[in-house]
Amino acid sequence: MTTLEFLQSYWWLIIAVLGGLLVFLLFVQGGQTMLYGRASEAERQLMVNALGRKWELTFTTLVVFGGAFFASFPLFYSTSFGGAYWLWMTILVSFVLQAVSYEFRRKNGNLYGTRTYDAFLMLNGVVGCVMLGVAVATMFFGGEFVIARDNILDARSPVISQWAPTHGLEAMTSWKCLLLGVTVLFLSRTQGALYFINSIRTDAVFEARLKRKVCVNGVVFTLLFVAFVVVLLMQTGLRSAGSGFVAVEYIYLHNLLDMWWLAIIFVAGVVSVLYGIFGSVLHSAWRGGIWFTGVGSIAVVIVLFLIAGYNGTAYYPSILDPGSSLTLANSSSSEFTLTVMGWVSLLVPFVLLYISYVWRKMNAVPLTDKELQKEHHQY
């Protein structure tokens, strides 16, 4: 393995870790989808304040995730973010609405009322989760784009990546992509309920409703996840061979078998998620399920990213022109850029430690009806 190949693999691992963290932090979006229903106004305020302590972590991780792609694999960034713009603009608009809602929901003189901003939060919860899942699914099931590197010399149209006229709408209507999107939605809803159980202390009736939400959403998520895994493992993909690509049946299954350690991590992650879900349902006094589902979902997402990009696999296959598909080798930055950014990446553990410290400080005192009144800022 050359230095450049090592750096490409290293940066793909970093992106995989960021992707896993992002999926875990989507419990904020999942919790936002539960603001309507049988919750009273006091319970709704407790949920919003619990989520308000963490929503910026999700937003920041999403930005860092995109920034890491821009720095390490700029051709993917320009192709996906710049070409499938209806998909990515839908995601970004939903997150902007989230930020606006937490900022202005309880402001004095609010003309729209808290219910309007609650609706924005629910919209972000549903649309943000589903569309992020759709965007990640295109890395397995492909996008409608063509890469024409010679265009960079054409002053009239110096565009390397050319997308189909639908510009991402086709991914938003693909059943395979939507399958992963809806799976992510129900995972986030499950983890949102688990986060409320961990963070809020109130009456037994409210907690019983949260347990039921964990059970229902957990069962739906499990069924959807099994369906997605079956579809994924049966997928035919592309693997680089010389200057071109060869089609490989069951490519992701082969990748799991070739990199058997990833298969072990994948199974361990799945078991951890299921234990966090159904352990919380069966043990009435247990509040730690969010950590098992969190660690497990991070592990599973990391493995999914690695089998998408490692082993010479095209992590962004082109439906229109297989030769335009993107791999770690043909879409990365230069060795110099990856090296410089590699040194910067050494700061990531310190950032994670800071996030952990802030999380523990914020959750040092669980939210209760009395603590709600002491909050200096109500979201």
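In the predicted model, Y85 is located in helix α6. This helix, spanning residues 85–104, is the largest contributor to a nonpolar surface patch, supplying 5 residues. The patch is formed by Y85, W86, M89, L92, V93 and L169, and its area amounts to about 560 Å².

The packing of helix α1 against helix α13 was examined next. Two packed helices are described by the angle between their axes and the distance between the axes. For α1 (residues 3–25) and α13 (residues 289–309), the axes approach to within 8 Å and cross at roughly 145°. The crossing of α1 past α13 is right-handed. On the α1 side, the contact comprises W12, L13, I15, A16, V17, G19, G20, L21, V23 and F24. These residues meet I290, W291, G294, S297, I298, V301, I302, F305, L306 and G309 of α13. By residue class, the contact of α1 with α13 contains 15 nonpolar and 5 polar residues, and no charged residue.

Helix α1 also includes S9. The C-alpha atom of S9 is separated by 8.4 Å from that of G309, although the two residues lie 300 positions apart along the chain. With residues up to four places away in sequence excluded, S9 is in contact with M1, Y310 and L328.

Electrostatic pairing was assessed over the whole structure, and 3 salt bridges were found. One salt bridge joins E43 to R209, with a separation of 2.6 Å between the closest N and O atoms. This pair connects distant parts of the chain, as E43 belongs to helix α3 (residues 41–52) and R209 to helix α10 (residues 204–233), with their positions 166 residues apart in the numbering.

Key: Residues numbered from 1 in each chain as written. Predicted model: local features only at pLDDT ≥ 70, side-chain atom pairs only at ≥ 80, totals over all residues. Heavy atoms only, no water. Axes fitted to C-alpha atoms, helices over the stretch in contact; angles between N-to-C directions. Helix = DSSP H or I, 4+ residues; strand = E, 2+ residues; numbered from the N terminus. Left-handed = near helix turned anticlockwise from the far one by under 90°. Contact = heavy atoms within 4.5 Å. Nonpolar A, V, L, I, M, F, W, Y, C, P; charged D, E, K, R; others polar. Patch = residues over 30% accessible without salt bridge, like charges linked within 9 Å, V, L, I, M, F, W, Y side chains within 5 Å. Areas by Shrake-Rupley, 256 points an atom, 1.4 Å probe, with all protein chains shown as cover. Salt bridge = Lys/Arg side-chain N within 4 Å of Asp/Glu carboxyl O.
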